[in-house]
Amino acid sequence: MMPTVLVIDDDEDVLDLVRTRLEEEGYGVVVAANGRQGLEAVAATMPDLILLDMKMPVMDGPSFAAEFRRLHGAAAPIVVVTAAEDARKCAQEVGAEGWLSKPFEFADLMSIVADHAREQR
Amino acid sequence: MERHDVEREQKLARLRLIEAALHATESGVVVLERDGTVAFANAPAQELLAAGALITPHGRVIEKGELPMVRALETGEPGARVVLHPGPEGSRNMIVTEGKPVQSSSGDLIGAVGAFLEASPRDLAITLGQAPIGIAVLRGPELIYEYVNEAFQSFSPTIQLVGLPFETASWELPGVLARLKEVWATGEPWHGTDVRFRVERAPGLLVDGYFTFSCVKVKRRTPPDAILGFVLETTALVNGLNDAHDRTVELKAIIDTMLEGVVVFDRDRRITLINEAAHKQLSDINVEPKVLENVEDLLRTLDGVTEGTPIDRGSLPVVRALAGETSRLRLRFWNPVTSRHGYASVGAAPLRDPQGQVVGAVAVGSDITELGELDRLKDEFIRVVAHELKTPITTIKGFATALGESLGGRLSPAQGRMLRALCRNADRINRIMCELLDAQQIELGRLELVEEPVDLAELLQDVTDRIAANASKHDIRLTVSSPVVVRADGERLREVMRILLDNAVRYSPDGGEVNVALRVEGDWARVSVCDHGVGIPEERRARLFERFYRAHTNTPFDYGGTGLGLYVARAILESHGGSIWYESPAGGGSTFTFRLPLGTRP
């Protein structure tokens, strides 16, 4: 059974793009439009990896990360996927395991997902 | 005894008598030989010639060459009389000196004789007449001009004063006659300093003049007595002072109408002037300018508005100006009245006297809060735009790539090119945004490095592969002489390489080889990117690394770009302790080389 990835991003096109590519590679994909929806999704099923956007309405990335750690600890690794100037710094600040800057190459997306999802198994 | 021996004896005896007579006289006598040596000088002459310097009664030093006997020796004519100040003991009267040439029976100049005589009343009159101070004698009790010297007569060039009564032959002098009569009656002297009189400078031309004077009543051996007046004209001095005062008032008015605040300090660091703009600026941040006395007061005031962080004294323009330096500084301050941050631009320059000594400083400050606010808005705007563009770029590029991959072999070559162009241009927009953001960080001095061990060979391989994928016409070759690991910010180094390779490809429009080489040289890792493109115009080389500077603007090789790439690349490398340079031979092609330190840096 392939790992499940939760993608949290407020941009529908990004969600569509990432979902399409990950499914092509055989991953199970769950999407959420903001942090609040993301928390609901993890409460239903804990994914193997979370791809997290930073700037979102309702509940943003940092708030989601804090809430997720509080409720679930290190139950799943978080990879920050952001258009912010310094993705590395964002990842450090929210205590995420990895980071990816927008715009990204598919190869980079795949390798970072594979790395973190594999670690989880 | 021969007859001529007798005559010689008689002549010598006569000479001895003459010599004795000359020695006995009180006047000085001197005889000069043709070559100027002193053949004879009696005691009074020796005393005078031995004096350190001969001066006139008006204080001018007389050179030896000016003495009438020396002149006579030079010209063969009697020398002009010179009046000398009495000797150092001051007991003697003034002395006048004369000189005449002496000729042989055949008419040859054989020497000169001179005399120093007690000056006659006429000599004294000549001297007084030429004195630079105005002198007048008014005969009483009618007060008629009996004597005026040249200087005094020059005060009223239109009338010959001597012989005229004071009140008829004089200037418009209200009250002066009464005062003079008082001097006559009481014998009390009258002094005045810079008193204004109307003076007839030319027929019909009455002009104000300023005079400083003394009038005293003098008793004479033979009546009637007289009033002696000494008068110095100080018009130029007074007018000069008045002009200076007027200029000061005028300058103050100009300085007060300036929009910039001006504060002037003297050499003791005291504040000597605060203009109206500075008054307003200080009042606007709740400072009462009147309580400020010196630089220290002003600095304390500034400390109060910089949120607890005392200003570095040494960097402040006013402090540097008092030390002789001109500088300008931008300050951020807290405005307690508006409860907002403000920005001030402050500059100061030293004030120097004609000898170049610092005698004070002038500081000029302007409130550039609005500019600072605009600058902040601009930065914010760039950041928001860049951020907002990144997400759409992600999806454009992502879907174009996805489409290409899912259609695979079913795409025509033209369709494949179109999709690659979509990806390439999405990358380009992204790169422009990154460069803009980086340039901004560099400008603000906020370029942060995240250092980690970086395998340079691996990094170069990755970046060249990625660029090569989009530059089909170009043959990008990488040569690695030895593996190198440096401590650096890998992401930033990738950006440097992307910039250099992007330029190499962009300015080699017809394709061709681009060679990337990595080697170790001493304590440095050295990377070069060599293209065979259009090269860099000689005259534009000096500014190549400047922000927004583009070497090919307005040339046939203008392939676009922001002009930020090399600026960003250099800043990144320099913040790593490295450097970048290039060569571009006349035949075309450019090689950009950068180096990074291998060891740990301080």
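**Exercise 1. Locate B:Pro141 and describe the peptide bond that precedes this residue.**

Solution. B:Pro141 sits in the loop of chain B between β8 (134-139) and β9 (144-148). The model examined here is predicted. In this model the bond from B:Gly140 to B:Pro141 is cis, and its omega is near -10 degrees.

**Exercise 2. State which peptide bond next to A:Pro103 is cis, and where A:Pro103 lies.**

Solution. Begin with the bond: A:Lys102 and A:Pro103 are joined by a cis peptide bond with an omega of about -5 degrees. Then place the residue: A:Pro103 belongs to the loop of chain A between β5 (98-101) and α5 (106-120). As background, most peptide bonds are trans.

**Exercise 3. Find the sign of phi at A:Val58 and the element that holds this residue.**

Solution. Phi of A:Val58 is positive, about 65 degrees, although the residue is not a glycine. For reference, most residues other than glycine have a negative phi. A:Val58 lies in the loop between β3 (49-52) and α3 (61-72) of chain A.

**Exercise 4. Classify the packing of α12 against α14 in chain B, then give the make-up of their contact.**

Solution. Two packed helices are described by the angle and the distance between their axes.

1. The axes of α12 (residues 413-443) and α14 (residues 490-506) of chain B come within 12 Å and cross at roughly 125 degrees.
2. An angle over 145 degrees would count as roughly antiparallel, and 65 to 115 degrees as roughly perpendicular. The crossing angle therefore makes α12(B) oblique to α14(B).
3. The crossing of α12(B) past α14(B) is left-handed.
4. From α12(B), the contact uses B:Arg428, B:Arg431, B:Cys434, B:Glu435 and B:Asp438. From α14(B) come B:Arg492, B:Glu495, B:Ile499, B:Asp502 and B:Arg506.
5. Sorted by class, the residues of this contact are eight charged, two nonpolar and no polar.

**Exercise 5. Describe the interface of chain B and chain A by residues, buried area and salt bridges.**

Solution. The size of an interface is often given as the accessible area lost when the parts come together.

1. Chain B contributes 23 residues to the contact and chain A 19 residues.
2. About 2000 Å² is buried between the two chains, with 55% of that area given by carbon and sulfur atoms.
3. On the chain B side, B:His387, B:Thr394 and B:Phe399 lose the most area to chain A, together 25% of what that side buries.
4. Five salt bridges are found across the interface.
5. A salt bridge also links the side chains of A:Glu105 and B:Lys397, at 2.4 Å from N to O.

Methods:
Residues numbered from 1 in each chain as written. Chains lettered and ligands numbered in written order. Predicted model: local features only at pLDDT ≥ 70, side-chain atom pairs only at ≥ 80, totals over all residues. Heavy atoms only, no water. Axes fitted to C-alpha atoms, helices over the stretch in contact; angles between N-to-C directions. Helix = DSSP H or I, 4+ residues; strand = E, 2+ residues; numbered from the N terminus. Parallel < 35°, antiparallel > 145°, perpendicular 65-115°, else oblique. Left-handed = near helix turned anticlockwise from the far one by under 90°. Contact = heavy atoms within 4.5 Å. Nonpolar A, V, L, I, M, F, W, Y, C, P; charged D, E, K, R; others polar. Buried area = accessible area lost by both parts, 1.4 Å probe. Salt bridge = Lys/Arg side-chain N within 4 Å of Asp/Glu carboxyl O.
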